[in-house]
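Colleague: Got a minute to walk me through this one? I'd like the short version.
Modeller: Sure, here it is.

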Amino acid sequence: MSRRKDSYRIIYEVVRKIPSGKVATYGQIARLAGLPGQARQVGYALHYLPSQTKVPWQRVINSRGRISFPLDSVAWSMQKSILESEGVQFDESDSISLPQYQWKS
DNA sequence: CTCGTGACGGTAT
DNA sequence: TATACCGCCACGA
């Protein structure tokens with residue numbers, strides 16, 4: 001239980017640093033949170049967020065530059081619309097282009 | 001304690 | 001590009 005308190009809290013802090021109009025991948029967040037190779041835990045941490053959170057969970061996407069929800073889900077369309085309202089642009093494949101990542105080599 | 005699950009990622013085929 | 005595997009690990013049954 002305290003395990004969740006420690007690592008999840010750091011994950012939330014890192015996610016909150018992603019500026020509006022930009023996105024980051026689960027893997028990038030994991031590394032910045034000191035949990036390299038544990039991208040799944042980032043997704044798990046976000047899954048546990050309450051609905052009225054200040055953490056910008058919508059700015060976290062997968063390594064393929066796409067939203068990690070089924071294409072036909074409500075969650076998917078909701079995340080996409082929020083990102084678009086923040087200025088994030090999607091291409092015809094519903095993926096986000098490189099320049100919009102805050103951290104990318 | 002064991003097992004299945006999952007908002008992931010990298011590599012192989 | 002698409003699938004299949006495997007590594008990763010907190011959680012809950």
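Colleague: Where is Ser95 found?
Modeller: Ser95 sits in the segment after H4. Helices are DSSP runs of H or I with at least four residues, strands are runs of E with at least two, and both are numbered from the N terminus.

Colleague: Is Ser95 buried or exposed?
Modeller: Ser95 counts as buried because its relative accessibility is 9%. Buried means under 20% relative accessible area, exposed means over 50%, and partly exposed is in between, using a 1.4 Å probe and protein chains only.

Colleague: Which side chain does Ser95 make a polar contact with?
Modeller: Asp91, with 2.7 Å between the two side chains. A polar contact is a pair of N or O atoms within 3.5 Å; within protein, one must be able to donate a hydrogen and the other to accept it, and residues adjacent in sequence count only if both atoms are side-chain atoms.

Colleague: Before we go on, what are the ground rules?
Modeller: This is a predicted model, so local features need pLDDT of at least 70 and side-chain atom pairs count only at pLDDT 80 or more, while totals for chains, interfaces and linings use all residues. Residues are numbered from 1 along each chain as its sequence is written, chains are lettered from A and ligands numbered from 1 in the order written, and side-chain values use heavy atoms, with hydrogens and water left out.

Colleague: OK. What about the phi of Asp94?
Modeller: Asp94 has a positive phi of about 60°, although it is not a glycine. Asp94 is also in the segment after H4. At 21% relative accessibility, Asp94 counts as partly exposed.

Colleague: And where is Phe90?
Modeller: Phe90 is in the segment after H4 too. Phe90 is buried, with a relative accessible area of 17%. Its C-alpha is 8.5 Å from that of Lys80, and the two are ten residues apart in sequence.

Colleague: Switching to the DNA. Which residues come nearest to strand B?
Modeller: Arg40, Trp57, Asn62, Ser63 and Ser68, out of 14 residues around DNA strand B. Sugar and phosphate make up 43% of the strand B atoms that come within 4 Å of the protein. A residue is near a strand if one of its heavy atoms lies within 4 Å of it.

Colleague: Which polar backbone atoms face a phosphate oxygen?
Modeller: One belongs to Ser63, at 2.8 Å from a phosphate oxygen of DNA strand B. Another belongs to Gly27, at 3.3 Å from a phosphate oxygen of that strand. For the bases, a polar backbone atom of Leu46 is 3.3 Å from a base nitrogen. Helix H2 (26-32) and helix H3 (39-47) are the elements that give two or more residues to the surface near DNA strand B.

Colleague: Which gives the most to that surface?
Modeller: H3, with six residues. By class, the surface near DNA strand B has five nonpolar, eight polar and one charged residues. Ala, Val, Leu, Ile, Met, Phe, Trp, Tyr, Cys and Pro count as nonpolar, Asp, Glu, Lys and Arg as charged, and the others, Gly among them, as polar.

Colleague: Back to Ser63. Where is it, exactly?
Modeller: Ser63 is in the loop between strand S2 (60-61) and H4. Ser63 counts as exposed, at 66% relative accessibility. Asn62 lies in the loop between S2 and H4 as well, but Asn62 counts as buried, at 12%.

Colleague: Which residues of H3 are buried?
Modeller: Val42, Ala45 and Leu46. They line one face of the helix, because they fall within an arc of 95° seen down the axis of H3. That arc is taken from the directions from the helix axis to the C-beta atoms. On the other side of H3, Arg40 and His47 are exposed.

Colleague: Last topic, pockets. How much space lies in the largest one?
Modeller: About 360 Å³. A pocket is an open set of points on a 1 Å grid over the protein atoms alone, where a 1.4 Å probe fits, with protein on both sides within 12 Å along at least five of seven lines; lining residues have an atom within 4 Å of a point. Grid points are joined across faces, edges and corners, and the volume is the space filled by probe spheres set on the points.

Colleague: What lines the largest pocket?
Modeller: It has 15 lining residues, and Gly43, Leu46, His47, Trp57 and Phe69 lie nearest its centre. H3 and helix H4 (74-85) each supply at least two residues of the lining. By class, the lining has nine nonpolar, six polar and no charged residues.
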